[in-house]
Amino acid sequence: SEDVLSKDAGECAICLEELQQGDTIARLPCLCIYHKGQVFLRMHIKFQKVAFVGCIDEWFEVNRSCPEHPSD
């Protein structure tokens, strides 16, 4: 489900950026939280491309499980 973070919560396991109060997050059934719908700038050096991506949104394009609990 989508939610707004009420207090700082450490590091997002996908993008490694801090989860900060006020960030829009996705809370998975296992209770893990990740950035949701936020845009981070990533540069792919090898292909010299710049892409705007969201954390859990991008993860779920290729995966169907929690990044920290893949067997759940």
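This passage goes through the cysteines, the nonpolar core and the salt bridges of a predicted model.

Cysteines come up first. The structure holds 0 disulfides, and the sulfur distances show why. For cysteine 12, the closest cysteine sulfur belongs to cysteine 15 and sits 3.9 Å away, which is too far for a bond. A disulfide would need the two sulfur atoms within 2.5 Å. Cysteine 66 is in no disulfide either, its nearest cysteine sulfur being that of cysteine 30, at 3.6 Å. As for exposure, cysteine 12 comes out at 0% relative accessibility and so counts as buried. Cysteine 66, at 7%, counts as buried too.

Cysteine 12 turns up again in the nonpolar core. The largest such core has 13 residues, and Cys12, Leu19 and Tyr34 are the ones that touch the most other members. Strands β2 (24–27) and β3 (33–35) and helix α1 (55–62) each supply at least two residues of this core. In soluble globular proteins, nonpolar side chains tend to be buried together.

Tyrosine 34 is worth a look of its own. Setting aside neighbours within four places in sequence, tyrosine 34 is in contact with Cys12, Ala13, Ile14 and Leu19, then with Thr24, Ile25, Ala26 and Leu28, and further along the chain with Ile56, Cys66, Pro67 and Glu68. Both cysteine 12 and cysteine 66, then, are among the contacts of tyrosine 34.

Turning to charged side chains, the count comes to 2 salt bridges. In one of them, arginine 27 pairs with aspartate 3, with 3.3 Å between the closest N and O atoms. This pair ties together distant parts of the chain: arginine 27 lies in strand β2 and aspartate 3 in strand β1 (residues 2–4), 24 residues apart. Arginine 27 has a relative accessible area of 31%, so it is partly exposed. Aspartate 3 is at 33% and also counts as partly exposed.

The other salt bridge joins lysine 36 to aspartate 57, the closest N and O atoms being 2.7 Å apart. Here too the partners come from distant parts of the chain, 21 residues apart, with lysine 36 in the loop between β3 and β4 (40–44) and aspartate 57 in helix α1. Lysine 36, at 25% relative accessibility, counts as partly exposed, and aspartate 57, at 27%, falls into that class as well. Side chains of opposite charge can pair when their charged atoms come close. Helix α1 thus appears twice in this account: it supplies at least two residues of the core, and it holds aspartate 57 of the salt bridge with lysine 36.

Terms used: Residues numbered from 1 in each chain as written. Predicted model: local features only at pLDDT ≥ 70, side-chain atom pairs only at ≥ 80, totals over all residues. Heavy atoms only, no water. Buried < 20%, exposed > 50% of the residue type's maximum accessible area, 1.4 Å probe, protein only. Core = buried A, V, L, I, M, F, W, Y, C linked by side-chain atoms within 4.5 Å. Helix = DSSP H or I, 4+ residues; strand = E, 2+ residues; numbered from the N terminus. Contact = heavy atoms within 4.5 Å. Salt bridge = Lys/Arg side-chain N within 4 Å of Asp/Glu carboxyl O.
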